[in-house]
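Thanks for coming. I will walk through one structure, starting with a single residue and then moving to the open and enclosed spaces. Please have a look at the model before I go on.

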Amino acid sequence: MTEHQTTHQAEEDARNESIRIWLNGRIVSKAEAVVSVYDSGFMLGDGVWEGLRLYNGTWAFIDEHLDRLFDAAKAIDLDIGMTRAEVLQAVKDTQMANEMTTDAHARLMVTRGVKSRPFQHPSLSRQGPTVTIIMEHSKPKIARPIRLATVPHMRGLPMTQDPKLNSHSKLNCILACIAAEKAGADEGLMLDVNGFVNTTNACNFFIVRKGEVWTSTGDYCMNGITRQKVIDLCRENQIPVFERNYSLVDTYGADEAFLTGTFGAQTPVGEIDGRLIGDGQQGPVTSTIQGLYKALIQREAA
């Protein structure tokens, strides 16, 4: 059996040792890209972020990503201190500084900034936000379909920590990932508050049953941009797709399963809770969706 892997596993690239990072208006080396121990993100996980993917000189679906970033910042009453145009220019400047043209991944992070004292009240963050862009040469590389294990951790209700927020507070998902690893899997399959299959700790989740593509209702998971693109592509290409409640029984009996996310696009799942999904390999519907998504990316980057 192939050793453990992650859904964000990538080829090693020596160029990443000398990447340049955007930090509060300056492009600096890795060694210089440091923030205060008083920073709200370090101290409390108080911030929001986006993952971006570069294909042939184009940051895919950048408008949707910026919409989600600014919506999340508004939801937590965080002033990014930059316009959309300024954020986009910062991404492009970082890309140029690293001479990147394709197969790159960016993590754009905004925290509430440095605190005057080490306590949680947001009014103690008085110096303005901390904005960082980490950009790496990154080509996905997985050796086999992903293995999932159902974990006890759930994505919560909106009145606790809204799962639609791409927040720096990821401990719940990290604990889910740890539980999955302890069970011998790569990633955790998380249920919603009603016990229906929901999402994984890092990606959105889909199954295929008798030619139909199923995913969760979306009420308790990240509003994934790649997730929505897959749903739209299915509808545009007469592939039956449903956002619905479904159980582990439905999942174990699926013909195929796959994950979606900005980094890996569509990643096949071969096993869930020790049960083989289909023949354990990537299925034909997943392959079709991958082809449609690649064509969409080519149009986006044209």
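Does K74 count as buried or exposed? This is a predicted model, so keep that in mind for everything that follows. K74 lies in helix α2. Its relative accessibility is 71%, and exposed means over 50%, so K74 counts as exposed. From K74 to F119 the C-alpha distance is 22 Å, with their positions 45 residues apart in sequence.

Just past that helix is I76, in the loop between α2 (62-75) and α3 (84-97). Leaving out residues up to four places away in sequence, I76 touches D46, G47, V48, R112 and L165. H4 is 72 residues from I76 in sequence, and their C-alpha atoms are 36 Å apart.

Now the pockets. The largest pocket holds about 1,000 Å³ of space. Its lining is made up of 42 residues, and those nearest the centre are H8, W49, H105, R107 and F263. Several elements give two or more residues to that lining: the strands β3 (47-55), β5 (104-111), β6 (130-137) and β13 (256-261), and the helices α5 (171-182) and α6 (225-236). By type, the lining of the largest pocket has 18 polar residues, 13 nonpolar and 11 charged.

The second largest pocket has a volume of about 470 Å³. It is lined by 21 residues, with Y55, P140, G264, A265 and K294 closest to its centre. Two or more lining residues come from each of β3, β14 (265-272) and α8 (284-300). Which element gives the most to this lining? That is α8, with 5 residues. The split for the second largest pocket is 9 polar, 8 nonpolar and 4 charged. Note that β3 appears in the lists for both pockets.

Next, the enclosed spaces. How many cavities of 30 Å³ or more are there? The count comes to 2.

The largest cavity contains about 50 Å³ of space. Around it sit R53, Y55, A60, F61, H65, I225, T226, T262 and Y293. At least two of these lining residues come from β3, and at least two from α6. The lining of the largest cavity divides into 5 nonpolar residues, 3 polar and 1 charged.

The second largest cavity contains about 40 Å³. Its lining consists of T7, H8, C203, L259, T260, G261, F263, G264, A265 and T267. Both β13 and β14 give two or more residues here, and β13 gives the most, with 3. This lining has 6 polar residues, 4 nonpolar and no charged ones. Some names come back from the pockets: H8 and F263 are among those nearest the centre of the largest pocket, and G264 and A265 are among those closest to the centre of the second largest pocket.

That leaves two helices to look at, α5 and α6.

I will take α5 as the worked example. Its 12 residues should span 16 Å at 1.5 Å a residue, and its end C-alpha atoms are 16 Å apart, so the two agree. Which residues of α5 are buried? They include C173, A176 and A180. These three cover an arc of only 55° around the axis, which means that they sit on the same side of α5. The general rule is that an α-helix has 3.6 residues a turn, so residues three or four places apart point the same way. On the face turned away from the buried side, α5 carries the exposed residues L171 and K182. What covers the buried residues of α5? The cover includes β7 (146-150) and β8 (187-191). After α5 comes G184, with a positive phi near 85°.

Helix α6 also has 12 residues, and it reaches 16 Å from its first C-alpha to its last, close to the 16 Å expected. The buried residues of α6 are I225, T226, R227, K229, V230, I231, L233 and C234. Of these, I225 and T226 also help to line the largest cavity. Just after α6, Q238 takes a positive phi of about 55°.

To recap, the largest pocket is about 1,000 Å³, and the second largest pocket is about 470 Å³. The largest cavity is about 50 Å³, and the second largest cavity is about 40 Å³. That is all I have.

Terms used:
Residues numbered from 1 in each chain as written. Predicted model: local features only at pLDDT ≥ 70, side-chain atom pairs only at ≥ 80, totals over all residues. Heavy atoms only, no water. 1 Å grid on protein atoms, 1.4 Å probe; cavity = no way out; pocket = protein on both sides within 12 Å on 5 of 7 lines; lining within 4 Å. Points joined across faces, edges and corners; volume = space filled by probe spheres on them. Helix = DSSP H or I, 4+ residues; strand = E, 2+ residues; numbered from the N terminus. Nonpolar A, V, L, I, M, F, W, Y, C, P; charged D, E, K, R; others polar. Expected span 1.5 Å × (residues − 1). Buried < 20%, exposed > 50% of the residue type's maximum accessible area, 1.4 Å probe, protein only. Arc of directions from axis to C-beta. Contact = heavy atoms within 4.5 Å.
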